[in-house]
Amino acid sequence: MITVSDVIGALSLYSDTKDCPAEKLTAFAAAGLDYVKSRLKDTADENSPLIIETAAAVAHYHFFLGAISSSDRYESYKAGDMTIRRNIEKELRFEKEVLVASLTKAASILTDTEFCVVAC
């Protein structure tokens with residue numbers, strides 16, 4: 001049976017989660033795993049590696065959304081005479097693409113109850 005620890009292991013591979021406290025990752029990993037488990041087909045193997053991968057992608061998407069409001073996620077800020085710029089819209093679009101790709105890859109084990117909500 002896949003556990004939250006398995007998902008934390010996959011989630012911690014994302015570069016922006018390395019310095020995140022374990023308690024925070026646990027909450028995101030648990031929510032991601034719950035999301036995937038609630039959508040598993042009856043015929044799905046409950047030990048499929050796709051569960052971990054998909055749960056980690058869902059968890060990371062929500063982690064990213066939560067991190068947008070932190071100071072290091074501002075679109076631009078100035079440090080001395082140097083300005084740092086980020087394109088948050090582009091990063092969000094990329095995160096959505098990763099999430100959709102992960103859910104699509106897991107289509108063989110997930111029920112299709114929210115296709116338009118996720119893909120549109």
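**Helix 3 and helix 4: a salt bridge and a packing contact**

In this structure, the side chains of Lys105 and Glu53 meet in a salt bridge, with 3.0 Å from N to O. Because Lys105 lies in helix 4 (residues 88-105) and Glu53 in helix 3 (residues 49-67), the pair ties together parts that are 52 residues apart in sequence. The model is predicted, and the structure holds 1 salt bridge.

**Salt-bridge partner**
- Glu53, which meets Lys105 in the salt bridge, is partly exposed, its relative accessible area being 36%.

**Helix geometry**
- The axes of helix 3 and helix 4 come within 9 Å of each other and cross at roughly 160°, which means that helix 3 is roughly antiparallel to helix 4.
- The crossing in which helix 3 passes helix 4 is left-handed.

**Residues in the contact**
- On the side of helix 3, the contact is made by Leu50, Glu53, Thr54, Ala57, Val58, His60, Tyr61, Phe64 and Leu65.
- Helix 4 contributes Glu91, Leu92, Glu95, Lys96, Leu99, Ser102, Leu103 and Lys105 to this contact.
- Sorted by class, the contact of helix 3 with helix 4 has 9 nonpolar, 3 polar and 5 charged residues.
- Both salt-bridge partners, Glu53 and Lys105, are among the residues that make the contact.

**Lys96 and Val58**
- Lys96, which lies in helix 4, is partly exposed, with a relative accessible area of 42%.
- Although Lys96 and Val58 are 38 residues apart in sequence, their C-alpha atoms are 9.6 Å apart in space, and the two residues are listed in the contact of helix 3 with helix 4.

Definitions and conventions: Residues numbered from 1 in each chain as written. Predicted model: local features only at pLDDT ≥ 70, side-chain atom pairs only at ≥ 80, totals over all residues. Heavy atoms only, no water. Salt bridge = Lys/Arg side-chain N within 4 Å of Asp/Glu carboxyl O. Helix = DSSP H or I, 4+ residues; strand = E, 2+ residues; numbered from the N terminus. Buried < 20%, exposed > 50% of the residue type's maximum accessible area, 1.4 Å probe, protein only. Axes fitted to C-alpha atoms, helices over the stretch in contact; angles between N-to-C directions. Parallel < 35°, antiparallel > 145°, perpendicular 65-115°, else oblique. Left-handed = near helix turned anticlockwise from the far one by under 90°. Contact = heavy atoms within 4.5 Å. Nonpolar A, V, L, I, M, F, W, Y, C, P; charged D, E, K, R; others polar.
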